[in-house]
Amino acid sequence: MDRASILEWFREEDPARLDELWRLADGVRRENVGDEVHLRGLVEISNFCARNCHYCGIRASNASVRRYRMTEEEILAAAHEAVSHGFGTIVMQSGEDYGLAADRLSDVICAIKAETPLAVTLSLGERPEADFAAWRDAGADRYLLRFETSNRVLYDSIHPPLAGRRSDRIRDLETLRRLGYQTGSGVMIGIPGQTFEDLADDILTFAELDLEMIGVGPYIPHPATPLGASAGRRPAPHDGQVPNSELMTYKVIALSRIVCPLANIPSTTALATLNRESGRELGLLRGANVVMPNLTPAAYRVLYELYPGKACVFETAGECSDCIKRRISAIGRKVGTGCGDSPGRRLVNNAAAAK
Ligand code: SAH
């Protein structure tokens, strides 16, 4: 699909035409990644962050956040819980927390790999290459790092440099790929200042980066951030501003599936936050094939507030897992077994094994 067609779909409002898009995306999903929905247990291991991204609730300057960092024992317990719920992957996510020393995290990764059959996915921000390399050596399989927007000017305006170094997630994604990680990225939908053209380029960038995983969700304003605080005072959205809406999110999920047929694409928590009733299911019916139930201990979960009103915050891990499995069965899909690598990656692995 080319840029012009993507742009046309972005502006499409006719429900009958949109049904065609959903059907097309669902067909591509079924043919390429099948009916299994892979579950990834999400553990938010720390909300300390060195960065000051203009949209994110756990940014360093937000003094109202009570900070926590999980212990090695707590993380390992969460990994065993993931196994007990039948999940194939643990995703460890955090702010960019240099108090999470690279070698201590390597020990945790080694322990998880030794004690469980889980695939290990990291989502810990823009760390130095030496840290990425150490974690890969320790056994980490995948890394998620959203590039947030392909518009470089918009990107720079909401990602201040850290210690004089300009943030560059595309460069980091290339590093991660070179180190042998399965790489995942994605964007927020409806960032103030983001145009339809930018978002079309985002989707084309997913294909260029040849991602194994693509995560997209609506931008949700957080009042304790520069972008969120200015929301009320902003001039009326200019024509071409992407809405941070549920419909726009489905369009991006569907188009990402069509452009990157083999990728693993989650139906995200941010989407479920906009529509608690059926957001997860509609994401799965319009291109997605992954869900990430939250395994973070309850006391910490409420403190990992990237944006307000986050779905699934007041449930136990067991409830979250049961609820998601029920929703998957209700739409006629199957809960995935095994690690749930993207089929593209399986081909690469098989080719490597054959050598
Ligand atoms: N520190 C890690 C993990 C960040 S949280 C990293 O930087 O990669 C994961 C994702 O949450 C971010 O990549 C961003 O896309 C999303 N996010 C953060 N603030 C948000 C907000 N206000 N609304 C919607 N999504 C948000």
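User: What follows helix α8 in this predicted model, and what is the sign of its phi?

Analyst: Aspartate 210 comes directly after α8 in the predicted model. Its phi is positive, near 55°.

User: How do you know that the span of α8 is close to the expected one?

Analyst: Helix α8 covers residues 196-209, 14 in number, and its first and last C-alpha are 20 Å apart. At 1.5 Å a residue, 20 Å is expected, and the span is close to that.

User: Which residues of α8 are buried, and what covers them?

Analyst: The buried ones are Phe196, Asp198, Leu199, Ala200, Asp202, Ile203, Thr205, Phe206 and Leu209. Their cover includes α1 (3-11), α7 (169-178), β5 (182-189), β6 (213-218) and α10 (246-259).

User: Why is serine 94 called buried?

Analyst: Buried means under 20% relative accessible area. Serine 94 has 8%, so it is called buried. This residue belongs to strand β2 (residues 89-94). Beyond its neighbours within four places in sequence, serine 94 contacts Ile45, Ser46, Leu100, Ser123, Leu124 and Tyr304.

User: What makes the approach of serine 94 to the ligand a polar contact?

Analyst: The cut-off is a pair of N or O atoms within 3.5 Å. A backbone N or O atom of serine 94 is 2.8 Å from a nitrogen atom of the ligand, so the pair qualifies. For isoleucine 220, a backbone N or O atom also lies 2.8 Å from a ligand nitrogen. The protein buries 91% of the 550 Å² that the ligand exposes when taken alone.

User: How many residues surround the ligand?

Analyst: There are 18, and the closest are Ser94, Arg146, Glu148, Arg169 and Ile220.

Note on methods: Residues numbered from 1 in each chain as written. Predicted model: local features only at pLDDT ≥ 70, side-chain atom pairs only at ≥ 80, totals over all residues. Heavy atoms only, no water. Helix = DSSP H or I, 4+ residues; strand = E, 2+ residues; numbered from the N terminus. Expected span 1.5 Å × (residues − 1). Buried < 20%, exposed > 50% of the residue type's maximum accessible area, 1.4 Å probe, protein only. Contact = heavy atoms within 4.5 Å. Near = heavy atom within 4 Å. Polar contact = N/O pair within 3.5 Å; in protein donor to acceptor, adjacent residues only side chain to side chain. Areas by Shrake-Rupley, 256 points an atom, 1.4 Å probe, with all protein chains shown as cover.
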